[in-house]
Amino acid sequence: MRGKFITLEGIDGAGKSTHQSWLIDHLRARGRTVVATREPGGTPLGEKLRELLLHEPMHLETEALLMFAARREHLERLIRPTLERGDWVVSDRFTDATYAYQGGGRKLDMDKIALLERWVHPDLQPDLTLLFDVPPEVACRRLAGTGNAPDRFERETEDFFCRVRAVYLERAAGSGGRIRVIDARKSIAEIHKELEEIIASISK
Ligand code: ADP
Ligand code: TYD
């Protein structure tokens, strides 16, 4: 049986990395073999593209094309083979992030993103997407608390993140249940309880 493909989304600072490691431990404790990965990245070439994407100024269409180039590699080398052998994939971001960041944040024509999506993965969508939703000011405070140097995206304005968040929420509303919105202002313990219930419901 094919494994499940779970993706984590949300604006920077929403808590994806925190919940990804908990989720992986939780799934492994339930006997699943899980591969944890991320976008952009997840393969040796993808990680090189990630470096460029996070730090090198570029045209917004170059940015979208490189996101999908890294994704093409990720699908071929890691996502599809893992799912085909029956293991699960948990990825920190996937194509919803391109709609939200390049489409919403950078205002790239959504039709161009849809075209790339049909080219790169016409027949594959995540089985479940966990959208960690927080107001940008909360995320910004959390990121400031980590003390890490911000990358090209994390330096964007509050307005940019409001647009990113709005596209994520719109996509969730139109996703037919694939995208589950989680109020990420809640405590980490409350969120984990909610994740436990969601995972139990898809594991049946
Ligand atoms: P992301 O991967 O979405 O950018 P992180 O998981 O790195 O976000 O979280 C950013 C910071 O916020 C970390 O210091 C983390 O401990 C903290 N954090 C995450 N979730 C919560 C939460 N629900 N409540 C309070 N702090 C949180
Ligand atoms: P992320 O892994 O969330 O960063 P961090 O390791 O700092 O938590 O994601 C890297 C950045 O890439 C993030 O700001 C969002 C951006 N991104 C896009 O703009 N489009 C995309 O398609 C993807 C996958 C990521």
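Trainee: What makes us say that ligand 2 "sits in" the largest pocket of this predicted model?

Mentor: The test is that more than half of a molecule's atoms lie within 2 Å of the pocket's grid points. Ligand 2 is assigned to the largest pocket, so it passes that test. Helix H2 (44-55), helix H3 (60-84) and helix H4 (95-105) each give two or more residues to the shell around ligand 2. H4 gives the most, with four residues.

Trainee: Which residues come nearest to ligand 2?

Mentor: Asp12, Arg50, Arg93, Thr98 and Gln102, out of 16 around ligand 2. By class, that shell has six nonpolar, two polar and eight charged residues.

Trainee: How do you know that Lys16 makes a polar contact with ligand 2?

Mentor: The cut-off is a pair of N or O atoms within 3.5 Å. A polar side-chain atom of Lys16 is 3.5 Å from an oxygen atom of ligand 2, so the pair counts. Thr98 has a side-chain N or O atom 2.6 Å from a ligand 2 oxygen, and for the side chain of Glu154 the distance is 3.0 Å. On its own, ligand 2 exposes 550 Å², and the protein buries 90% of that.

Trainee: And ligand 1, what space does it take?

Mentor: The largest pocket. Its shell gets at least two residues each from helix H1 (16-29), helix H6 (136-146) and helix H8 (188-203); H1 gives the most, with three.

Trainee: What makes the ligand 1 pairs polar contacts?

Mentor: Same 3.5 Å cut-off. A polar side-chain atom of Ser17 lies 2.5 Å from an oxygen atom of ligand 1. Backbone N or O atoms do the job for Lys16, at 2.8 Å, and for Ala14, at 3.3 Å. These distances are within the cut-off, so they count. Taken alone, ligand 1 exposes 560 Å², of which the protein buries 72%.

Trainee: Why is the other space called a cavity rather than a pocket?

Mentor: Because in a cavity a 1.4 Å probe fits but cannot get out, whereas a pocket is open. The search of the whole structure finds one cavity of 30 Å³ or more, and about 30 Å³ of space lies in it.

Trainee: What makes a residue part of the cavity lining?

Mentor: Having an atom within 4 Å of a grid point. Gly10, Ile11, Leu131, Phe132, Asp133, Val134, Arg165 and Tyr168 line the largest cavity, so they meet that rule. Strand S4 (128-133) and helix H7 (158-173) each supply at least two of them, with the largest share, three residues, coming from S4.

How values were computed
Residues numbered from 1 in each chain as written. Chains lettered and ligands numbered in written order. Predicted model: local features only at pLDDT ≥ 70, side-chain atom pairs only at ≥ 80, totals over all residues. Heavy atoms only, no water. 1 Å grid on protein atoms, 1.4 Å probe; cavity = no way out; pocket = protein on both sides within 12 Å on 5 of 7 lines; lining within 4 Å. Points joined across faces, edges and corners; volume = space filled by probe spheres on them. Polar contact = N/O pair within 3.5 Å; in protein donor to acceptor, adjacent residues only side chain to side chain. Areas by Shrake-Rupley, 256 points an atom, 1.4 Å probe, with all protein chains shown as cover. Near = heavy atom within 4 Å. Nonpolar A, V, L, I, M, F, W, Y, C, P; charged D, E, K, R; others polar.
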